[in-house]
Amino acid sequence: MTDPTNINAQSHVIPHGGLKVMASHLRRDAFLYVRQSTLRQVIQNTESTQRQYALQQRAVALGWPVERVHVIDCDLGHSGASAVDREGFQQLVAEVSLGHAGVVLGLEVSRLARNSADWQRLLELCALSDTLIVDEDGLYDCNDFNDRMLLGLKGTLSEAELHFLRARLRGGILSKARRGELASPLPVGLVYDEARHVRLDPDRQVQQTIRLLFETFRRTGAAHATVSHFRKENLLFPRRQRSGPRKGELIWGDLSLSRVLQVLHNPRYAGAFFFGRSRTRTWPDGSCHTQLLPEDEWLVLIPNLHVGYISWEEYQDNLKRLRENAQAHGADRRKSPPREGPALLQGRVICGVCGRRMTVRYRVRQGNPSPDYVCQRESVDHATPRCQHLPGQAIDAAVAHLLSETLTPLNLEVTLAVQQEIETRQDEVNALRAQQVARAQYEADLASQRYRRVDPNNRLVASTLEAEWNAALRTLQETQQEYERHCQVDRLLINDEVREQILALTTDFPRVWNDPHTTDRDRKRLLGLLVEDVTLIKTQAITIQVRFRGGTTQTLTIPAARPIWQTWETAPEVVGAIDELLDRHTDRQIATILNERGLRSGKGEAFHARIVARIRRTYGLKSRYERLREAGMLTAEEMIQVLQVSGKTMKAWHKAGLLRGHAYNDKNCYLFEPPGPDAPLRHQGRRLADRQQLAEFVLESTKEVQYEA
């Protein structure tokens, strides 16, 4: 028998491998893949690791030199369920794909892959590159049909083995979970006692802090407001370390919004046991993503199983309030918690043009925040012009006035009666929906019985009945969800005591509403008790349609707000006064007179010369210069030519009163009256003070300037 270590390069068949190991295989390298699923197995199951390394001698026996047998063992401690995180397996696949591997060795198929997709991909690559596979049972050629089928079955059994192991473990966990006995990590504030029963944390500070969180949320109605309260009072919140050297230690820190939401969404604080609240899926890239499931899809939910900080009913109310608060940030803002801003109709305004919810925007006007109601969803999504943009101050004032007038005992009594009638009708409708659910349940049970009676071997009929059963189950689920959704609609249940309290509120409502100590948030809460929503339509005027709880509606109409530039327009009486004063005064003098009369500009500012000049130019009023020129006044140059004197002499005569001049601006620039037949003449040696002064005269035209002495 030939020594397998001495291979003739020209031989074509190796006796030790039968007809499978060829010279073309021996010219390439051998790769031994070693893997254990966990680090614990690497440390404790050393015998399995030694058996895998021993396959190196099997490759030598088949004809590969020991120096050409490569051991890939960097995947020790990694699961074979996926190839994403296994660098060694990826290296092995790369070597096979490049044609560097003549044989791949593994103790068993499960060492290489426990995933059929990875295993079949490796088999396909081995077939394309003519690579052999060796395990503890034998040697296989992937191009041989029988070998390929055997390897495929081994891969399927390996994956099934992993499934069976998981199923046994999962079954035990579910069995304990359905009894509520499964020990799971508890949130801070709850601990296990010696008998493995859930108890409140014996630390009274922890208990009081958690109770304060629930009380604050019950009072404020918002998770963010709860965080603000803790921050304002400098309160810390506990958390328990889950891992690391400080595992189990209680740590105190600032309360965050995510922590508040975790506490409010955790049923354990209401004394309920749950299991299967989330679903974890592995994506093609190997990353794991966890999805929270709705409550009706949880595997186990047992309310009131142990002690808690709140009741199950309060837990459900908290979730309902959080859902309403979350709708304030969606595309359709149906409800939102009252905030600190002055917008009275926050979260309740509907666009009368497109039907979408309108958002609130604030701008500062005269030092105070002023709300605007904006419909901009279409503009944001498709870059189109905004649907509507309405200033909110006048709208809020109109709605507040309507509430004060409408909220009377008679009107409220009618509203309560209508509400009672609506509730009666809702009960009738709910009874009908319950019958629909019962009918859907009957159809699903009937489809199930048909499917169970059919012969399993008759797949043509069984597949049809199975599809009908699935369709019936989907219909049942949809009907139940629709019924539950309608049952959870907010209804204001009113008894006699509540009726008396509401009727008594009508006498105090205006006083409470107008009280300066009543905050904007409180006014919004009062509004929410009475008003369902408000629809706004802007045309030549603003139409306000108020829908009260109970179904009654009322329509208001207010003038549309003028554009801001129109609010800055100067009043007509001010323009008329300026036009009249320009006959006698300059711009600065006119500004002084207007301020003395208590008049103000369009922006509410005091007048000065620049404002008067701007108004004069804007409204096309003739300037004082033009008015004086139209009255026949002469410029200084013209007077010099008429009098045949120098400019210095002309100014001296004007100063002495021999010439009458009239200022046409605030820079002491003058126009002069024509000298006439009594024009002054030069008199050598005669004092100017002794000469005759000009007589005063007044122009008769109302559009001409009247001159003063």
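The following exercises, with worked solutions, concern a predicted model of one protein chain.

Local features are taken from this predicted model at pLDDT of at least 70 and side-chain atom pairs at pLDDT 80 or more, whereas totals for chains, interfaces and linings use all residues. Residues are numbered from 1 along each chain as its sequence is written, and side-chain values use heavy atoms, with hydrogens and water left out.

**Exercise 1. The chain as a whole**

Describe the secondary structure, burial, contacts and surface of the protein chain.

Solution.
1. The chain contains 24 helices and 22 strands. Helices (H or I, at least four residues) and strands (E, at least two) are DSSP runs, numbered from the N terminus.
2. Of the 709 residues, 37% are buried. Buried denotes under 20% relative accessible area, exposed over 50%, and partly exposed in between (1.4 Å probe, protein chains only).
3. Among contacts with a separation of 6 or more, 58% join residues 24 or more positions apart; a contact requires heavy atoms within 4.5 Å.
4. The accessible surface is about 42000 Å², and carbon and sulfur atoms hold 52% of that area. Areas follow the Shrake-Rupley method with a 1.4 Å probe; for residues, only the protein chains shown count as cover.

**Exercise 2. Helix H3**

Compare the expected span of helix H3 with the distance between its end C-alpha atoms.

Solution.
1. The expected span is 1.5 Å times one less than the number of residues.
2. For the 17 residues of H3 (residues 46–62), this gives 24 Å.
3. The end C-alpha atoms lie 26 Å apart, which agrees.
4. The buried residues of H3 are Ser48, Thr49, Gln52, Leu55, Ala59, Val60 and Leu62.
5. Just after the helix, Gly63 adopts a positive phi of about 120°.

**Exercise 3. Positive phi outside glycine**

State where Gln644 and Asn668 lie, and determine whether each is buried or exposed.

Solution.
1. Most residues other than glycine have a negative phi.
2. Gln644 has a positive phi near 60°. This residue lies in the loop between helix H23 (636–643) and helix H24 (647–656).
3. With a relative accessible area of 62%, Gln644 is exposed.
4. Asn668 likewise is not a glycine and has a positive phi of about 60°. Its loop joins strand S21 (661–663) and strand S22 (670–672).
5. Asn668 is exposed, at 60% relative accessibility.

**Exercise 4. Two residues and their contacts**

Establish whether Ser370 and Pro675 are buried or exposed, and list what each touches, not counting residues up to four places away in sequence.

Solution.
1. Ser370 belongs to strand S16 (residues 368–375) and is buried, because its relative accessibility is 1%.
2. On that count, Ser370 touches Arg361, Tyr362, Arg363, Arg365 and Gln393.
3. Pro675 occurs in the segment after S22. Its relative accessible area of 19% makes Pro675 buried.
4. Pro675 touches Leu634, Met639, Val642 and Leu643.
5. The C-alpha atoms of Pro675 and Arg660 are 8.6 Å apart, although 15 residues separate them along the chain.

**Exercise 5. The cavity**

Identify the lining of the largest cavity and sort its residues by chemical class.

Solution.
1. A cavity is a set of points, on a 1 Å grid over the protein atoms alone, where a 1.4 Å probe fits but cannot get out; lining residues have an atom within 4 Å of a point.
2. The structure holds one cavity of 30 Å³ or more. The volume of the largest cavity is about 30 Å³, taken as the space filled by probe spheres set on points joined across faces, edges and corners.
3. The lining consists of Gly106, Glu108, Val109, Leu112, Trp119, Ile133, Val134, Asp135 and Leu151.
4. Helix H5 (109–112) and strand S4 (132–134) each contribute at least two of these residues.
5. The lining comprises six nonpolar, one polar and two charged residues. Here Ala, Val, Leu, Ile, Met, Phe, Trp, Tyr, Cys and Pro count as nonpolar, Asp, Glu, Lys and Arg as charged, and the others, Gly among them, as polar.

How values were computed:
On a 1 Å grid over the protein atoms alone, a cavity is a set of points where a 1.4 Å probe fits but cannot get out, and a pocket is an open set with protein on both sides within 12 Å along at least five of seven lines; lining residues have an atom within 4 Å of a point.
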